[in-house]
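I opened this entry to note, step by step, what I looked up about strands and helices. The structure comes first, and my notes follow below it.

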Amino acid sequence: MCGIVGIVGNKPVAGRLVDALKRLEYRGYDSAGVATIYDGRLERRRAEGKLFNLEKRLDAEPLSGATGIAHTRWATHGVPNEANAHPHFVDGVAVVHNGIIENFSELRDELVADGAVFNSQTDTEVIAHLVARHLREGLDPAEAMLKMLNRVTGAYAMAVMFRDDPGTIIAARSGPPLAVGFGKGETFLGSDAIALAPFTNEITYLVDGDCALITREGATIVDFSGNRVDRPRQLSQATAFMVDKGNHRHFMEKEIYEQPEVISHALSQYVDFATDRVNGMASQIDFASVSSLAISACGTAYLAGLIGKYWFERYARLPVEIDVASEFRYREMPLSPSQAALFISQSGETADTLASLRYCREQGLKIGAVVNVRESTIARESDAVYPIMAGPEIGVASTKAFTCQLAVLAALAIGAGRARDMVSVEEEKALVRHLAEMPRVMSQVLNAVQPQMESLSRELSKCKDVLYLGRGTSFPLAMEGALKLKEISYIHAEGYAAGELKHGPIALIDEEMPVIVIAPHDRFFEKTISNMQEVAARGGRIIFITDEKGAAASKLPTMATIALPHVDEIIAPMIFSLPIQLLAYHTAVFMGTDVDQPRNLAKSVTVE
Ligand code: F6R
């Protein structure tokens with residue numbers, strides 16, 4: 001999604017703004033721009049595509065000025081070209097904006113009728129026109145901004161700069177996040193604390209309905225009616241992390257290989273390894289007293305939730321209702337305060353997930369959030385926060401956040417099982433011991449399967465379609481495998497429940513399309529083997545991801561068999577995630593796509 005940065009400083013800002021944009025690159029974007037005020041003039045440089053295009057512009061035509069705003073744009077209204085790139089200028093007003101102005105057509109018609117001329121196809125430009133109109137009416141910048149905010153509807157974060165008031169940036173939030181950072185004689189604005197990391201770790205997060213007047217001395221925050229509000233200053237933890245690729249070619253590769261380490265961070269929050277018991281963090285919600293659990297999330301986080309559903313139902317006998325957040329929020333599902341709801345989100349800012357959370361809050365449910373960003377909106381609006389401790393995930397395709405979400409959900413399900421007396425202390429200890437094996441087994445698997453995945457990726461890169469099959473928790477994993485492959489390699493892929501094969505997808509089987517079967521040697525193994533037989537009988541090419549026991553038990557011909565160590569069912573989804581992540585990664589690398597920022601995708605989806 002779009003990224004916003006701003007500096008009201010005491011030295012030149014253009015270079016620093018672009019550096020800050022680089023730290024937001026992970027969010028995904030397709031054009032970028034920067035504007036400063038210098039010598040009574042607003043100046044800007046904008047470029048389509050990646051930030052190095054903007055840097056080339058700036059090298060050729062540098063920008064001076066100690067106040068500036070900058071933006072990476074992920075197109076919503078209007079194609080990603082230079083004219084639609086932010087900042088947008090109207091009569092001495094410069095605007096950058098993230099989100100969607102929903103009443104933009106109506107406002108645009110009104111402004112055009114009033115003589116306004118639009119230079120872009122964006123919804124953002126109405127903001128600049130409205131503020132400029134209010135300044136002409138004689139209002140000061142803060143008054144003009146508030147008047148505009150009371151006209152626009154939608155979800156947005158924005159920053160506005162004024163040619164005639166060069167020491168001020170005014171920011172507003174109603175949806176996507178914004179953080180104000182405090183330096184020495186300089187004040188900063190950013191879409192997240194990572195963007196501001198080189199400048200400061202003293203941060204104030206704006207909340208929905210906040211408008212911040214930012215000067216070199218600090219920030220004054222008011223609501224949209226102009227009443228002063230106080231927001232706490234905090235030391236951001238995000239700034240403690242270095243965002244670099246280390247020795248890896250891509251962030252995604254680095255993040256795949258970080259999993260053994262971050263999984264142990266995740267587990268250590270919820271599990272006491274000395275006693276093999278889950279701890280108090282896992283019982284923030286009293287699962288014994290809830291009638292059922294509603295889970296909602298998007299994309300990969302949703303698939304983690306789907307695996308969680310199997311665990312909560314199996315180990316805690318707790319019924320789970322789960323849906324993708326974009327459907328959940330509009331289903332008008334009957335809910336009651338006897339239920340609890342769990343929202344899973346790496347970023348903690350996903351618009352649909354947040355809207356589902358607010359729907360559940362209105363219905364009086366107890367709310368839990370499984371998040372990576374502790375300071376995020378979803379975390380702040382929840383009763384119980386379950387951090388996944390994965391560290392910043394920069395690659396757009398989620399990898400380590402997925403397995404850490406799973407680790408946390410597994411611990412919560414075991415805790416719920418104990419609380420509901422469905423898991424004995426002995427069973428709890430045995431399950432926790434299995435969780436504790438994960439980091440070691442993950443390291444072993446990452447080293448062992450990498451060469452095989454790299455060579456298989458050459459085969460996969462020649463295909464147009466790939467089918468993934470699995471049963472039980474391997475079914476959501478099959479969908480995750482397909483999602484990972486399609487989003488970064490652009491090869492069409494689908495994940496199906498193996499038992500559904502003969503209800504339709506079997507018609508696709510031929511010698512061309514590989515079928516990736518995920519089948520640990522578990523309760524479902526024999527059933528999945530029957531489905532594999534159906535594929536083999538039709539000449540289908542099978543990539544069999546199983547364990548040593550499964551490889552020994554199956555006699556079916558395969559294109560490749562990947563035999564992982566045999567592990568307990570509770571940790572199999574995390575271990576089996578590794579080959580599917582590596583396969584997608586190497587296929588994308590082989591095909592030469594932009595692995596960390598695949599086309600059209602954004603990391604933090606703050607619009608519906
Ligand atoms: C896919 C991926 C996305 C996210 C989804 C939710 O690899 O990363 O599908 O999982 O956009 O994002 P969060 O977890 O930030 O709510």
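**Helices and the sheet**

I began with helix α2, residues 51-60, and found that α2 lies across β2, β3 and β4, running at about 140 degrees to β3. I should record at once that this is a predicted model.

Next I looked up helix α1, residues 14-22, which lies across β1, β2 (31-38), β4 (67-73) and β10, and whose direction is at about 150 degrees to β1.

I then traced the sheet itself, and I noted 8 strands forming an open sheet with antiparallel pairing, in the order β3-β2-β4-β1-β10-β9-β11-β14. The edges are taken by β3 (41-48) and β14 (234-235), each of which has a single partner strand, so one side of each is left without a neighbour in the sheet.

Within the sheet I followed one pair in detail: strand β1 (residues 3-8) and strand β10 (residues 187-190) run antiparallel and are joined by 4 bridges. Which residue of β10 is the bridge partner of Val5? I found that the partner is Gly190.

**A pair of helices**

My last search concerned helix α14 (residues 425-460) and helix α18 (residues 572-591), which pack at an angle of about 30 degrees with their axes 7 Å apart. Angles under 35 degrees count as roughly parallel, and α14 and α18 are therefore described as roughly parallel to each other. I also wrote down that α14 passes α18 in a right-handed crossing. Sorting the residues of the contact of α14 with α18 gave me 17 nonpolar, 4 polar and 2 charged.

Terms used
Residues are numbered from 1 along each chain as its sequence is written. This is a predicted model: local features need pLDDT of at least 70, side-chain atom pairs count only at pLDDT 80 or more; totals for chains, interfaces and linings use all residues. Side-chain values use heavy atoms; hydrogens and water are left out. Two strands pair if DSSP finds at least two bridges between them. Helices (H or I, at least four residues) and strands (E, at least two) are DSSP runs, numbered from the N terminus. Contact means heavy atoms within 4.5 Å. Axes are lines fitted to C-alpha atoms, for helices over the stretch in contact, and angles run from 0 to 180 degrees between N-to-C directions. Angles under 35 degrees count as roughly parallel, over 145 as roughly antiparallel, 65 to 115 as roughly perpendicular and the rest as oblique. A crossing is left-handed if the near helix is turned anticlockwise from the far one by less than a right angle, and right-handed if clockwise. Ala, Val, Leu, Ile, Met, Phe, Trp, Tyr, Cys and Pro count as nonpolar, Asp, Glu, Lys and Arg as charged, and the others, Gly among them, as polar.
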